[in-house]
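The following points are offered for the record, with a view to checking the backbone geometry, the sheet and the ligand site in turn. Please read them alongside the coordinates.

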Amino acid sequence: MINVTKPFLPPIEEYQKYVQGIWERTWLTNNGPLVNELELKLKEYLDVPHLFFLGNGTIALQIAIKALDLKGEIITTPFSYVATTSSIAWENCKPVFVDIDPKTFNINADLIEAAITENTSGIMATHVYGNPCDVEKIQAIADKYKLKVIYDGAHAFATKYAGESVLNYGDITTLSFHATKLFHTTEGGAAVTPNAEVAKKIAYLRNFGHATPESFHGIGVNGKNSEFHAAMGLCNLKYIDQIRRRRKELSDYYDTKLQLLRHTKPSIQAKAEFNYSYYAIVLESETALLKAVEALNLQWIYPRRYFYPSLATLNYVEQTPMPITDDICRRVLCLPLFHELTFEEIDMIARVLLRSQNY
Ligand SMILES: *Cc1c(COP(=O)(O)O)cnc(C)c1O
């Protein structure tokens, strides 16, 4: 069976060594030494000034909304994972959808201004598949209307824009370190910010609002993560360059093998250094997609419809037709991509896909 992804696992002895240390210290969670070490190493690796290791990527989004004190309407993308929209609704804000760019599948920055009202407090956009949003245009709009910007960077680990980390754009960028992501800590996530004041706020928001054991800055939540999760991250971080190189090789191989397939792919931003976190193809029609999925499933190959359906069709939002998103959602498919995937398996996936188009 070949799934769309398969988590990387480090050699078990390397994880056990960290576990040994946890046993000796009997310090399991609450800002322990491994959490600190992971945060330091991630800041260095990702080249960001402030980073907080959190329970998951969804609590990171919720903390980001709280940290920036967003209220009312938040402009967002309908083409993302459901957590992007649900976190807005969960924080009692209203998601206002703006359609995506037909080439990059990221929020179409040219359509944002028309969606701004006097109730708009922020923009929450996703770097879809790790492909950077139009960060400069979005910042210009945010500056003009005094809006805050949150990037859902769950796919954007190690992506660069104009030679620097894309995570340094916007007021806060969130990351997900879920087992299915490029870099993982089993469950986990992070919030990144270039702003020291915002950083202070994230620090207490993730820890129940504590200022001292007996006093509080304000409302907070349990957004912390544990020593065991940090240990998994520290193990995996040693292999991340190797994993990224492998994913690039595999993606390039897909490119050569799918040349005859009638499809398109999202275009990567001209200024981006892509992280190869997903391999997405767009087929000619939903019928072609369903045919391809059926043929692959018969061979025990399970691609995923990331993303389907449009988030503007959820039953707790104001349902809005989004022509480009609706079209892409019907036709987009993420093919298996993970470090252990082999060229032979890609040969087989390509053969099945081509045969589904009667080659
Ligand atoms: C995975 C993902 C999330 C949620 O992250 P969790 O760590 O699973 O909570 C949010 N947004 C996007 C775009 C994702 O892919």
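1. The loop between β16 (301-302) and α11 (323-331) contains Phe 307. This is a predicted model, and in it the peptide bond leading from Tyr 306 into Phe 307 is cis, with omega near 0 degrees.

2. Pro 309 is likewise found in the loop between β16 and α11. The bond that joins Tyr 308 to Pro 309 is cis, its omega being near -5 degrees. Most peptide bonds are trans, and I would therefore ask that both assignments be inspected by eye.

3. A further backbone point concerns Thr 26, which belongs to the loop between α1 (12-25) and α2 (33-46). Its phi is near 50 degrees, a positive value in a residue other than glycine. Most residues other than glycine have a negative phi.

4. Which strands make up the open sheet, and in what order? There are three, arranged β13-β15-β17, and the pairing is antiparallel. At the edges stand β13 (263-264) and β17 (332-335), each of which pairs on one side only.

5. Within that sheet, β15 (residues 279-283) is joined to β17 by four bridges in the antiparallel sense. Ile 281 has Leu 333, in β17, standing opposite.

6. Turning to the ligand, the model places it in the largest pocket. Fifteen residues surround the ligand; those that come nearest are Gly 57, Thr 58, Asp 152, Ser 176 and Lys 181. Two helices, α3 (57-67) and α4 (82-90), each supply at least two residues of this shell.

7. What is the make-up of the shell by class? Polar residues number 10, alongside three nonpolar and two charged ones.

8. Three side chains make polar approaches to the ligand that deserve individual mention. In Thr 58, an N or O atom of the side chain is 2.6 Å from an oxygen atom of the ligand. Asp 152 places a polar side-chain atom 2.7 Å from a nitrogen atom of the ligand. For Lys 181, the separation between a polar side-chain atom and an oxygen atom of the ligand is 3.0 Å. On its own the ligand has 380 Å² of accessible area, and the protein covers 90% of it.

Terms used. Residues are numbered from 1 along each chain as its sequence is written. This is a predicted model: local features need pLDDT of at least 70, side-chain atom pairs count only at pLDDT 80 or more; totals for chains, interfaces and linings use all residues. Side-chain values use heavy atoms; hydrogens and water are left out. A residue is near a molecule or strand if one of its heavy atoms lies within 4 Å of it. A polar contact is a pair of N or O atoms within 3.5 Å; within protein, one must be able to donate a hydrogen and the other to accept it, and residues adjacent in sequence count only if both atoms are side-chain atoms. Accessible areas come from the Shrake-Rupley method with a 1.4 Å probe; for residues, only the protein chains shown count as cover. On a 1 Å grid over the protein atoms alone, a cavity is a set of points where a 1.4 Å probe fits but cannot get out, and a pocket is an open set with protein on both sides within 12 Å along at least five of seven lines; lining residues have an atom within 4 Å of a point. A molecule sits in a cavity or pocket if more than half of its atoms lie within 2 Å of its grid points. Ala, Val, Leu, Ile, Met, Phe, Trp, Tyr, Cys and Pro count as nonpolar, Asp, Glu, Lys and Arg as charged, and the others, Gly among them, as polar. Two strands pair if DSSP finds at least two bridges between them.
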